Amino acid sequence: MTSLDRSGGPPIRQKPDPTAAGRGRFEPVARCWVCDGATLKRYFQCRMNFSEYAEQDPELHEYTGEQVWLVRCASCGFGQPEALPTLPKYFDRMYDQQWSPTWVEGEFGATYKDLIFRGILDELAFRVLPDRRRLLDVGAHAGRFMHLAQARGWTVEGIELNPRTAAYAEARTGAAVHRINAHTLSLNGHRYDAVVLTDVLEHIPEPGRLLAALAGLLEPGGIIAVKVPNGSAQLIKERCLAWLTSHRVSLAENLVHVNQFTPSSLKLALERAGFQRSGVRAAAPEMPPVAGVRAVAERALRLGLFAAASLPGALYTPLALHLQAYATKSSR
């Protein structure tokens with residue numbers, strides 16, 4: 001049996017609770033990944049659509065039409081799935097995107113995140129001593145941030161699991177781009193003065209485990225910089241757009257944004273992973289290329305919202321669509 005989503009999307013199969021063990025497609029998640037709280041309340045139902053994977057990965061494609069609830073922790077405000085797919089390496093398979101060489105090259109040259117990247121590099125230059133300039137970019141993508149950091153005098157390395165973007169980043173920067181996870185890299189003895197995750201942590205289930213592994217990669221007194229979407233503000237934005245236009249609310253389709261951070265839960269996640277002096281602020285927005293009046297207006301709107309979100313007290317309002325955090329590894 002199918003029904004149309006009220007927002008006008010494609011048909012969705014009507015199914016029982018997606019955590020039902022009898023179907024075997026999902027495994028319940030009983031406790032909060034940030035604070036280990038057990039009181040988790042449903043607040044948004046996500047849809048899955050893997051129609052483009054019909055030939056590439058038929059098993060992943062079979063999840064098309066499934067639904068899974070996001071739940072919010074009553075203790076810390078963090079949002080996460082009520083259940084996770086049982087398909088082996090579900091997230092690795094979802095991110096196995098076979099981008100063309102032309103697209104990857106374009107990503108290296110794209111400037112839409114440069115405002116974010118410059119802000120991070122400015123802050124790191126202030127926080128890290130001049131003689132400590134070893135930086136790891138986690139989720140290096142095509143190497144744009146690594147390239148900009150090199151121009152600022154950093155000795156850079158990256159972690160990137162997609163073989164196409166990893167190879168391109170390595171070729172363009174001449175720096176090492178590791179195709180292994182942070183825990184394995186730590187066991188191999190690598191150490192850095194700064195670790196950067198830009199739009200990465202929201203994609204990794206059980207984010208505390210990754211943060212703890214990254215703490216192991218930092219020298220004492222080293223700095224971690226983390227940028228993520230503000231989950232609660234993003235949901236309000238999506239609902240407003242749906243109310244004003246034909247936009248369909250989309251928050252974590254396919255569980256791409258498996259973690260829904262708030263300012264408080266992001267700070268708590270860093271502290272629980274062993275970091276100190278953590279601070280969270282509004283993050284700079286992506287800036288679309290200037291091409292016509294509409295693009296200019298959109299850039300002005302984004303900059304205006306960022307300025308407003310940076311005002312005292314505005315971090316906890318819907319104006320702060322993205323979060324930027326910095327924290328320090330203990331010097332002991």
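These are some notes on a predicted model, taken point by point.

1. **The three-stranded sheet.** Let's start with a small piece of architecture. Strands E4, E5 and E6 make an open sheet, in that order, with antiparallel pairing. E4 (40-47) and E6 (79-81) are the edge strands; each has a single partner, so one side of each is left without a neighbour in the sheet. On average, neighbouring strands here are turned by 30 degrees against each other, ignoring direction.

2. **How E4 and E5 are joined.** If you want to go through this pairing on screen, E5 covers residues 67-73 and is joined to E4 by seven bridges, with the two strands running antiparallel. A handy place to anchor the view is Phe44, whose bridge partner in E5 is Leu70.

3. **Salt bridges overall.** The whole structure contains 22 salt bridges by the search used here. Side chains of opposite charge can pair when their charged atoms come close. Three of these pairs are picked out below, starting with one inside a helix.

4. **Glu123 and Arg127.** This salt bridge has its closest N and O atoms 2.7 Å apart. Both residues sit in helix H4, and because they are four residues apart, about one helical turn separates them. Their surroundings are worth a look as well. Glu123 counts as buried, at 14% relative accessibility, whereas Arg127 is partly exposed at 31%.

5. **Glu286 and Lys113.** Here the side chains meet in a salt bridge with an N to O distance of 3.9 Å. The pair links distant parts of the chain, 173 residues apart: Glu286 is in the loop between strand E13 (275-282) and helix H11 (293-309), while Lys113 is in the loop between helix H3 (101-109) and helix H4 (114-127). A salt bridge is counted within 4 Å, so the 3.9 Å of this pair falls inside the cut-off. As for accessibility, Glu286 is partly exposed, with a relative accessible area of 31%. Lys113 is buried, with a value of 16%.

6. **Lys227 and Asp199.** In this salt bridge the closest N and O atoms are 2.6 Å apart. Again the pair links distant parts of the chain: Lys227 belongs to strand E12 (residues 218-229), and Asp199 to the loop between strand E11 (192-198) and helix H8 (207-217), with their positions 28 residues apart. Lys227 and Asp199 are both buried.

7. **A charged network.** Which residues are linked in a network of salt bridges? They are Lys113, Asp199, Lys227 and Glu286. When you inspect the pairs in points 5 and 6, then, it makes sense to display these four residues together.

8. **Two backbone oddities.** Asp36 is not a glycine, yet it has a positive phi of about 70 degrees. Its place is in the loop between strand E3 (26-28) and E4, and at 41% relative accessibility Asp36 counts as partly exposed. Leu255 is not a glycine either, and has a positive phi of about 65 degrees. That residue is in the loop between helix H9 (231-244) and helix H10 (263-272). Leu255 is buried, with a relative accessible area of 0%.

9. **Leu197 and its contacts.** Leu197 lies in strand E11 and is buried, with a relative accessible area of 0%. Leaving aside neighbours within four places in sequence, what is Leu197 in contact with? The list is Val138, Leu210, Leu214, Ile224, Ala225, Val226 and Lys227. Note that Lys227 turns up here as a contact of Leu197 as well as in the salt bridge with Asp199. For a sense of distance, the C-alpha atoms of Leu197 and Ala295 are separated by 27 Å, and the two residues are 98 apart along the chain.

10. **The nonpolar cores.** In soluble globular proteins, nonpolar side chains tend to be buried together. The largest nonpolar core in this model has 65 residues, and those with the most contacts inside it are Val195, Leu197, Leu201, Leu214, Ile224 and Leu266. H8 supplies the largest share of this core, six residues. There is also a second, separate core of 24 residues, which includes Met146, Leu148, Ala149 and Val196.

Terms used
Residues are numbered from 1 along each chain as its sequence is written. This is a predicted model: local features need pLDDT of at least 70, side-chain atom pairs count only at pLDDT 80 or more; totals for chains, interfaces and linings use all residues. Side-chain values use heavy atoms; hydrogens and water are left out. Two strands pair if DSSP finds at least two bridges between them. Axes are lines fitted to C-alpha atoms, for helices over the stretch in contact, and angles run from 0 to 180 degrees between N-to-C directions. Buried means under 20% relative accessible area, exposed over 50%, partly exposed in between (1.4 Å probe, protein chains only). Contact means heavy atoms within 4.5 Å. A nonpolar core is a set of buried Ala, Val, Leu, Ile, Met, Phe, Trp, Tyr and Cys residues joined through side-chain atoms within 4.5 Å.
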